[in-house]
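Visitor: I'd like a close look at one part of this model: the protein surface that faces the DNA. Please go through it contact by contact, and add whatever else is worth seeing afterwards.

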Amino acid sequence: MSNHDPIDKLLDDAISGHSILKDRRVLQTSHEPETILHRDGELAKTTQSLLPILKKSRPSNLLIYGKPGTGKTLVVKKVLEKIEKRVEKSEFPIKFVYANAKDETTIYGLLVSFGSKIGVDLPTTGLSISTIFKKILDHIKQNSMNVVFAIDEIDYLVELASKTGRDILYNLTRANENLGKDSSLTLIGISNLLSFKERLDPRVISSLGEEEIVFTNYTVDQIKEILAERIKDAFVDNVIDASALNLCAAMAGQEHGDARRAIDLLRVAGELAEREGSNNVTSDHIRRAAQKMEEDKEVTALNAYPLHEKLLIVAVMRSNGASTGEVYHTYKELCKTIRQKEVTQRRATQILSDIELSGLITGKIVHQGIHGRTKKYNLTVQPETIKKAFQNDVILADVL
DNA sequence: ACTCCACAGGAATAACCGGGCG
DNA sequence: CGCCCGGTTATTCCTGTGGAGT
């Protein structure tokens, strides 16, 4: 699967003089390992569910749940790949299509990419969704294809789905009834959220959820083995301290057994160690990698806020531990210096409690007798982080 | 025991915004 | 293109509140 381009490899080596990293691609999220550890049950169930297709009958639609980093995508891709290989030589036409709903901004885009993968030429614009849909079904029918369509992060789809979008999802799950005897369409939905089902049209649930598989979390020991496996391919021998490996697995396990996070952590720690010219990756590197990732996450979150949210965060930073009134006062000053219209205090308190919900600031209600009731706000992140995040915001330049 | 502060936070309503549709 | 629709943002107005000060 992963094509190890010799040119890339040379370039990688050249960039990092004496490298402790043998092949950093192995640690990237796009990497698909040969064997998938500790997912035997899930692999078996998924295969089982798709088995009918080998006997030329239609499998049930399948819904897969599991927390992030539990190997859902990996397992589905692997199983589809294996079946496809097995069927390749036979004259029985099976087609697997994988799409990630996050990559497509609209249902329309999703359908078009789906269509192009099964060989329907579609214009990227101009046709209505229902026309596209019909063309795809016609194509499947005419060529008597058996198609399995895997939609990853299907929760996103439902999120952005308007009424027509929901209808499409419904039609997709029920498409079989309109296909002839010789063709079929099976859906595999993959979702991070267990609660995803609740927000679905009950008609869709009954047809999409014909069969369900829930992916369990990895244990710390399992993560350790998965990491060890990757380390073998990614790093030069014996550069990862045992304590570093343990810590890395433990940190990821603390969340909910997120293998992807563990691997990310390892990659960042490895890059950190390499940049420092260190000969091995220590638990200190892991710790700093975690810190860096946390900070990056905060910076991204900070930048995603609209202007007035940012201004209020700066106001909280300026006057740490201040009451709502004081924060609002400094906020108004900030608005004046950058010539922006301020929002009302009511709105400001609303925004502040929204930000509080995201965890960047904390607020505590205090009663001060004759001095009334108010909320005292504090920053939970380093002021440095905030400055770093906002420094390339041209509007905020003057108030930092 | 009573007052009164400095807001919290609910409700109603208006302004705005992006997407779909004829 | 304008129009409508649903969702979000913001304003206005409002009632409620624990305890320091008297």
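Guide: Let's begin with a term: a polar contact here is a pair of N or O atoms within 3.5 Å. By that cut-off, the side chain of R373 makes such a contact with DNA strand C, because one of its N or O atoms is 2.8 Å from a base nitrogen. Please keep in mind that this is a predicted model, so each distance is a computed one.

Staying with DNA strand C, G369 also reaches a base nitrogen, but through a polar backbone atom, at 2.7 Å. H367 goes to the sugar side instead: a polar atom of its side chain is 2.8 Å from a sugar or linking oxygen. These three residues belong to the set around DNA strand C, which also includes E342, V343, T344, R346, R347, I370 and G372. By class, this set has four charged, four polar and two nonpolar residues. Sugar or phosphate supplies 58% of the strand C atoms within 4 Å of the protein, and bases supply the rest.

Now turn to DNA strand B. It is surrounded by 15 residues, the closest being T324, R346, T349, G369 and I370. Of the strand B atoms that come within 4 Å of the protein, 60% are sugar and phosphate. R346, G369 and I370, just named for strand B, are also among the residues around strand C.

The polar contacts with strand B are worth taking one by one. The side chain of T324 has an N or O atom 2.3 Å from a phosphate oxygen. K375 also points a polar side-chain atom at a phosphate oxygen, at 3.4 Å. H371 uses its backbone: a polar atom there is 3.1 Å from a sugar or linking oxygen. In terms of secondary structure, α14 (324-337), α15 (345-358) and β7 (373-379) each give two or more residues to the surface near strand B. That surface has 10 polar, three charged and two nonpolar residues.

Away from the DNA, you may want to visit the largest pocket, with a volume of about 930 Å³. Its lining counts 39 residues, and T29, G69, G71, T73 and R260 are the ones nearest the centre. The elements giving two or more residues are α3 (72-88), β2 (94-100), β4 (184-191), α9 (220-234) and α11 (259-275). Of these, α11 gives the most, with five residues. The lining is made up of 14 nonpolar, 13 polar and 12 charged residues.

Since β4 has come up, follow it to its neighbour β1. Those two strands pair in the parallel sense over four bridges, with L63 opposite G189 in β4. β1 also pairs with β5 (residues 211-215), again in the parallel sense, over five bridges; there L63 stands opposite E212. In a regular strand, side chains alternate between the two faces of the sheet. In β1, L62, I64 and G66 are on one side and L63 and Y65 on the other, and all of them are buried.

Terms used:
Residues numbered from 1 in each chain as written. Chains lettered and ligands numbered in written order. Predicted model: local features only at pLDDT ≥ 70, side-chain atom pairs only at ≥ 80, totals over all residues. Heavy atoms only, no water. Near = heavy atom within 4 Å. Polar contact = N/O pair within 3.5 Å; in protein donor to acceptor, adjacent residues only side chain to side chain. Nonpolar A, V, L, I, M, F, W, Y, C, P; charged D, E, K, R; others polar. 1 Å grid on protein atoms, 1.4 Å probe; cavity = no way out; pocket = protein on both sides within 12 Å on 5 of 7 lines; lining within 4 Å. Points joined across faces, edges and corners; volume = space filled by probe spheres on them. Buried < 20%, exposed > 50% of the residue type's maximum accessible area, 1.4 Å probe, protein only. Pairing = 2+ DSSP bridges.
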